[in-house]
Amino acid sequence: MAEDGYKVKLNVYDLSNGLARQLSTSFLGKPIEAIWHTGVVVYGNEYFFGGGIQSTPAGSTPYGRPMRVVDLGVTHIPREMFEDYLREIAPRYTAETYRLLTHNCNNFSNEVAQFLVGAGIPEYILNLPSEVMSSPMGPLIMPMIQNLESTLRNNAAPQATQFVPTPASVSVPPPAPEKAAAAAPSAAAAKREEPAPPAEATAEKVSKEAPAPAPAADPLGSARGKVQEEVMREFAAIMASGTLRASEAAALAMRRVMERHGDGATMQQG
C-alpha cells in the first residue's frame, strides 16, 4: 500500500441537511447550495477540525453520511510523518482560534490537502463565507457570528444580538435645523413694523413649513432581528443540555429556526 501511495478523499457534508438550498433565497436573498463541513479521509481515518484537530475511523464521524465524496489524489507521505505534521499545526487549530468565516473546518481540510497531495479542496467550499457575507443579509449576520464566536471561546451562554439599522439599510431624514433662540434686536424691530399677514397666508406658510413624514423603516428589520434572537436562544438552550458540541448546536439551532419560519418564508417568496 505504501509503495502505491495512500488515496486521499474529501468527505463533504451539508450541516443544514438540505435546508440551505430550500430557504437561503428567502433568508439571504440569494441561493446557497449548502452549509459545508469537510473532513480529509486518509490512512483509514477521517481528520477534521472541530474544537481542535480530531480523527475518527472513516465513516464514523457525528456528521452522518457525506453529501458527496471528492477524490483529492494519492499521497506517498507516511502516516507517521503526517501525524507529526498535525501535532505541529495543532496550536493553530483549537477552540480559541476557531473563526466561523476565516479559520474553520474547511480551511483545515484545505491546508491538510495541500500538505498531502499538493492541491487544495474545491473553491466553491472555501468561497461559502464570502457568498453569505455578500448577500443582502450579510451585515445582519455578522454581529450574530461575532457574538457566537466570542461565546464559544469564553464557554458562556450567548446573548441575543440586537439589530441596529445602518444608514444603508434605513433612510433617515436629516434633523430639522434648530430655530434661533431669539431674533436679533434689529430684526425684531423690523418685524414689529411689518403688517400682520392675512390668516390665509399664515395657514399656507405653516403647511409649507411642516416637516415631511419620515420615510418608513425597513419592514424586514424587526423580523430579521427576531430571527437572530430566536437562533441565539435555541443555541443557548441546546448548549445548556450538554449533549452536543458547539458546532453541532449552532447548526441545529439554525435548522430549527429555519424550519419554524420555512412555510412563511416560502409563501413570501412565492
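Which residues are exposed on the other side of α2? Let's start with that helix, keeping in mind that this is a predicted model. The exposed residues there are E80, R87 and E88.

Now turn to the buried part of α2. Helix α2 spans residues 79-89, and its buried residues are F82, Y85, L86 and I89. Viewed down the helix axis, these buried residues fall within an arc of 100°, so they line one face of the helix. A general point about helices helps here: an α-helix has 3.6 residues a turn, so residues three or four places apart point the same way. The cover over the buried residues of α2 includes β2 (36-42), β3, β4 and α3.

Two of these covering elements, β3 and β4, pair with each other in the antiparallel sense over 5 bridges. One place to look is N45, whose bridge partner in β4 is P57. The two strands form a hairpin with 3 residues between them, and in the turn G51 has a positive phi of about 70°.

Next, follow the aromatic rings. Across the whole structure there are 13 aromatic pairs. One of them joins Y13 and Y63, a tilted pair with 5.7 Å from centre to centre and 45° between the planes. Because Y13 sits in strand β1 (residues 6-14) and Y63 in the loop between β4 (53-57) and β5 (68-75), this pair ties together parts that are 50 residues apart in sequence. Y13 and Y63 are both buried. F49 and F108 also make a tilted pair, because their ring centres are 6.4 Å apart and their planes stand at 50°. F49 belongs to strand β3 (residues 45-49) and F108 to helix α3 (residues 105-117), so the pair links parts 59 residues apart in sequence. Both of these phenylalanines, F49 and F108, are buried. Two residues from the buried face of α2, F82 and Y85, return here: they form one aromatic cluster with Y6, Y43, Y47 and F115.

Finally, look at the charged side chains, where the count comes to 7 salt bridges. In one of them, R87 meets D84, with the closest N and O atoms 2.3 Å apart. R87 and D84 are 3 residues apart in helix α2, which means that about one helical turn separates them. R87 is exposed at 55% relative accessibility, whereas D84 is partly exposed at 42%. Further along the chain, R256 forms a salt bridge with E234, the closest N and O atoms being 3.3 Å apart. R256 lies in helix α10 (residues 246-269) and E234 in helix α9 (residues 221-241), so this pair ties together parts 22 residues apart in sequence.

Note on methods
Residues numbered from 1 in each chain as written. Predicted model: local features only at pLDDT ≥ 70, side-chain atom pairs only at ≥ 80, totals over all residues. Heavy atoms only, no water. Phe/Tyr/Trp six-rings, centres within 6.5 Å; stacked < 30°, edge-to-face > 60°. Helix = DSSP H or I, 4+ residues; strand = E, 2+ residues; numbered from the N terminus. Buried < 20%, exposed > 50% of the residue type's maximum accessible area, 1.4 Å probe, protein only. Arc of directions from axis to C-beta. Contact = heavy atoms within 4.5 Å. Pairing = 2+ DSSP bridges. Salt bridge = Lys/Arg side-chain N within 4 Å of Asp/Glu carboxyl O.
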